[in-house]
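Ready for a little structure reading at your desk? Open the model in your viewer, keep the sequence beside it, and try each task before you read its solution.

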Amino acid sequence: MTDILLTPIVFLLTAVLLVPLAQRLGLGSVLGYLIGGCLIGPWGLGLVADVDKISHVAEIGVVLMLFLIGLELQPRKLVEMRTTVLGGGTLQMAACGGVLAGGAWLLGMGIAAAAVAGLALALSSTAIVVQNMAERHISNTAAGKSAFAVLLFQDMAAIPLLVAVPLLGAAKGGAEFNWLLAVAVLAAVLVAGRYAMPAALRLMARTRLPEIFTAFALLLVLGIAQLMTLASLSMGLGAFLAGVLLAGSEYRKALEADLEPFKGLLLGLFFTSVGMAMNLGLLASSPWRIALLTLGYMVVKMLLLALVARAMPVPALQRWTFAGLLAQGSEFAFVVFAAAQAAGVMPAPWDELLVLVVAVSMALTPLALMAAQRLTALLHKAPPRPPDHIEPEGARVIIAGFGRVGQIAGRLLAAAGTKVTVLDNDPDLIDMLRRFGFRVFYGDATRLDLLHAAGAHEADILINAIDDMQGSLALTDLARQHFPNLQIVARARNVTHVFELRSRGVQDIERETFESSLLLGRHALLRLGVAPDEVARLAARFRDHNLSTLDAIFPHYRDEATMISIAQAARNELEQSIEQDRLRLSGDAGH
C-alpha cells in the first residue's frame with residue numbers, strides 16, 4: 001500500500017477508534033485526538049514519520065475554525081453581550097495573562113517569550129468548556145453564561161495574538177517585515193469581503209450545484225490564507241476577517257454547513273499532529289516537573305479566575321465552578337506556541353514543555369470541576385435546614401410534592417375552598433411560593449414524624465405528587481402502614497410506576513402525560529378536519545382500550561414474557577379497531 005493511502009488510513013482509523021472512546025470516558029474529543037497522535041507518532045508506534053509535513057496540512061483546520069468563528073461574531077450578538085464579553089474578557093486576559101507571563105519570566109524565559117506564553121496560557125479550550133457545560137447542564141447558569149462570554153472574547157483576542165507573534169520575531173532580528181505589503185493585503189481582504197465575496201457567492205449559488213458552492217467556499221478560505229502568508233501575516237487572521245465580513249450574509253448558514261465537516265476533520269488532524277509532536281520522552285524523563293508545572297498553572301489560573309468572577313455577574317456559589325470551567329489551556333495555545341517557535345520567539349525546549357502542560361491540563365478539566373464543587377461545598381457549607389413547624393389547621397388534604405403537578409392540584413383545591421397542607425423538600429421553591437402567598441412547609445414527606453405533624457391521622461386524602469418514583473413509593477408504603485384510613489391519590493411517571501402503586505392498593509392514579517398527550521392528538525385531528533364528535537369518540541375509545549390493556553397486564557407485570565404477549569395482542573386489537581373506524585369513516589364520506 002502506498003504512503004498516500006496508508007497515512008490517511010492511519011489517521012482516520014485512529015480518529016474513529018480513540019475519539020469516541022475518549023468521549024465515552026468523559027475526556028472529550030480534543031484529548032482523543034491528542035492521545036491518538038501520541039500513539040501513532042514518532043514517540044509511540046512510529047506509524048507516521050513526517051510530522052512537519054502533516055502539521056502544515058493540519059493548519060488548514062485552524063484556518064477553517066477561525067473563519068467559522070468569524071461567521072458567528074455578528075455585531076448584534078456582540079452588542080447584547082458587550083459588558084460581559086468586553087469587560088469580563090478583558091479583565092480575565094489581563095489578570096491571567098499578566099500573572100502567568102510574570103511566572104514564565106521568573107522561570108527563565110525571555111521577556112517576549114514570557115509575554116506570548118502568558119497570554120497563550122490565559123486562553124481556555126472552547127471545545128472542552130462547552131462540552132463540560134453541556135454534560136453538567138450549566139450552560140444557562142450565571143457561571144456558564146459568563147464562561148461563554150469570556151471564551152468569546154478569547155476567540156477574538158487570539159487573533160491579534162497570532163498576528164503579534166511573527167511581528168515579535170521580526171523585531172528580534174528575523175526577516176524584515178514588509179508593512180506596506182501587509183497593509184495592502186489586509187485592505188484587499190476587507191474590500192473583497194465587503195463587495196466581491198457576496199457577489200461571487202451569489203453567482204455560485206445560482207449554479208444550483210452544491211458541490212460547486214462547497215468547492216468555492218473552500219477556495220475562498222484557502223485563497224485568503226495563502227494571500228496572508230505572502231505578506232507574512234497569520235493565515236487565521238485573514239480567514240477570521242473574511243468570516244466577520246460575511247457574518248451578515250444570507251449565505252452564512254450555507255457556508256457553515258458546507259465547511260463544518262472539513263473543519264472538524266482537519267482540526268482533528270491538527271490536534272493529532274500536536275500529539276505526534278509532543279515530546280513524550282520529556283514526560284518520561286521529567287514527570288514530576290511536568291506535574292508540578294501543570295498543577296501550579298491550573299491552581300494559579302483558578303485563583304485568578306475566582307477573583308475575576310467577583311467583578312462579573314457570577315454569584316458566590318458559582319465562582320469556583322466558573323474558575324474550574326476555564327482552568328485548562330486552549331487549543332489555540334498549540335497554534336500560538338507553534339507560531340512562536342517558528343518565528344524564533346520561543347525556544348524549542350519551552351515549546352515542547354508548554355505543549356505538554358496544556359495537553360495535561362485539558363485532561364485534568366473534569367478533576368478541576370470536581371475540586372471546584374468540593375471547594376464550593378466547603379466554603380459555603382450551611383447547616384441543614386430543619387423542618388418547618390407545621391400548622392395543619394384541620395386541613396382535609398395533604399399534598400406531598402408541590403412541583404408542576406402538585407401546584408395545579410393545590411390551586412384547584414384552594415379555588416374550591418378546601419384547606420390544604422403542602423409538604424415539599426425544595427427550600428428555594430418553598431421560599432419562592434411563600435412570596436406568592438402559598439402555605440407550603442419544608443420537610444421530607446417520607447418521614448413519619450412530619451406526616452403526623454401535618455395531620456395525616458386526621459386528614460381524608462393524601463395527594464402523592466412526588467416526582468421521584470422511589471420517593472413516591474416510599475411515601476405510599478409509609479401512609480399505608482401508619483394511616484390506613486388515609487385515601488391516596490397519586491401521580492405516576494410511567495406505566496411501571498402505575499403498576500407499583502396499584503400493587504400497594506392505590507386506585508386513583510393519574511399518569512402525568514397521558515391525558516395531555518390525548519388532548520394533543522385530539523387537537524391534531526380537529527385541525528385535520530375530523531368532526532368534533534368523532535374526535536371525542538376516537539379519544540374515548542383509545543382511552544378505554546389503553547386502560548383495559550393496563551388492567552390485563554397488571555396481574556403479570558413482573559412476568560416480562562407474558563406482559564409482552566398481552567401487549568402485542570392488545571396492539572393488534574387496537575389496529576383492527578382503528579381500521580374498522582377508518583372504513584366506516586370512508587363509507588360515511590362516500591354517502
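The exercises below go from the whole chain to the sheet, and then to single residues of this predicted model.

**Exercise 1. The whole chain**

Task: Find how many helices and strands the protein chain has, and what percentage of its residues count as buried.

Solution:
- Step 1. Go through the secondary structure: the protein chain has 26 helices and six strands.
- Step 2. Turn to burial: 44% of the 591 residues count as buried.
- Step 3. Look at how contacts span the sequence. Taking contacts between residues at least 6 apart, 74% join residues at least 24 apart.

**Exercise 2. The order of the sheet**

Task: Work out the order of the strands in the open sheet and say which strands lie at its edges.

Solution:
- Step 1. Start with β1 (residues 397-400) and β4 (residues 461-464), a parallel pair with four bridges. Here Ile398 has Leu462 as its bridge partner, and Ile399 stands opposite Ile463.
- Step 2. Look at the pairing of β1 with β2, which is also parallel and has four bridges. Ile398 stands opposite Thr421 of β2.
- Step 3. Continue from β2 to β3: three bridges join these parallel strands, with Val422 opposite Val440.
- Step 4. Now go from β4 to β5, which run parallel and are joined by four bridges. Ile461 faces Gln487 of β5.
- Step 5. Add the last pair: β5 (residues 487-492) runs parallel to β6, again with four bridges. Ala492 has Arg511 as its bridge partner in β6.
- Step 6. Put the pairs together, and the order reads β3-β2-β1-β4-β5-β6. The edge strands are β3 (440-442) and β6, each pairing on one side only. Neighbouring strands are turned by 20° against each other on average, direction ignored.

**Exercise 3. Crossovers and a packed helix**

Task: Find which helices take part in right-handed β-α-β units with β1 and β2, with β4 and β5, and with β5 and β6.

Solution:
- Step 1. Between β1 and β2, the helix of the right-handed unit is α19 (residues 404-415).
- Step 2. For β4 and β5, the helix is α22 (residues 469-482), and the unit is right-handed.
- Step 3. For β5 and β6, the right-handed unit is made with α23 (residues 495-503).

**Exercise 4. Covered and uncovered faces**

Task: Decide which faces of β2 and of β6 are covered.

Solution:
- Step 1. Recall the general pattern: side chains of a regular strand alternate between the two faces of the sheet.
- Step 2. Sort β2 by side. Val420, Val422 and Asp424 are on one side, Thr421 and Leu423 are on the other, and all are buried, so both faces are covered.
- Step 3. Draw the conclusion: five of the five residues of β2 are buried, so this strand is largely enclosed by the rest of the structure.
- Step 4. Do the sorting again for β6 (residues 508-511). Ile509 and Arg511 form the covered face, while Asp508 and Glu510 form the uncovered one.

**Exercise 5. Rings and charges**

Task: Find how the rings of Phe499 and Phe554 are arranged, and which charged ends sit over the rings of Phe554 and Phe514.

Solution:
- Step 1. Count the aromatic pairs: there is one. The ring centres of Phe499 and Phe554 are 5.9 Å apart and the planes are at 40°, so the pair is tilted.
- Step 2. Place the two residues. Phe499 is in helix α23 and Phe554 is in the loop between α25 (532-553) and α26 (560-590), so the pair ties together parts 55 residues apart in sequence. Both Phe499 and Phe554 are buried.
- Step 3. Look for charges. The charged end of Arg502 sits over the ring of Phe554, 4.6 Å from its centre. The charged end of Arg511 sits over the ring of Phe514, 4.1 Å from its centre.

**Exercise 6. Two polar residues**

Task: Are Glu500 and Gln92 buried or exposed, and which residues do Glu500 and Gln92 touch?

Solution:
- Step 1. Glu500 belongs to helix α23. Its relative accessible area is 15%, under the 20% cut-off, so Glu500 is buried.- Step 2. Leaving out residues up to four places away in sequence, Glu500 touches Met469, Leu473, Tyr557 and Arg558.
- Step 3. Gln92 is in helix α5 (residues 82-106). With a relative accessible area of 0%, Gln92 is buried too.
- Step 4. Beyond its neighbours within four places in sequence, Gln92 is in contact with Gly97, Ala122, Val150, Gln154, Lys301, Leu305 and Val308. Gln92 and Val308 are 216 residues apart in sequence, but 6.2 Å apart in space, C-alpha to C-alpha.

Notes:
Residues are numbered from 1 along each chain as its sequence is written. This is a predicted model: local features need pLDDT of at least 70, side-chain atom pairs count only at pLDDT 80 or more; totals for chains, interfaces and linings use all residues. Side-chain values use heavy atoms; hydrogens and water are left out. Buried means under 20% relative accessible area, exposed over 50%, partly exposed in between (1.4 Å probe, protein chains only). Helices (H or I, at least four residues) and strands (E, at least two) are DSSP runs, numbered from the N terminus. Two strands pair if DSSP finds at least two bridges between them. A crossover is right-handed if, with the strands pointing away from the viewer, the path from the first strand over the helix to the second runs clockwise. Contact means heavy atoms within 4.5 Å. Axes are lines fitted to C-alpha atoms, for helices over the stretch in contact, and angles run from 0 to 180 degrees between N-to-C directions. Rings of Phe, Tyr and Trp (its six-membered ring) pair if their centres lie within 6.5 Å; planes under 30 degrees apart count as stacked, over 60 as edge-to-face and the rest as tilted. A charge sits over a ring if NZ of Lys or CZ of Arg is within 6 Å of the ring centre and within 35 degrees of the ring normal.
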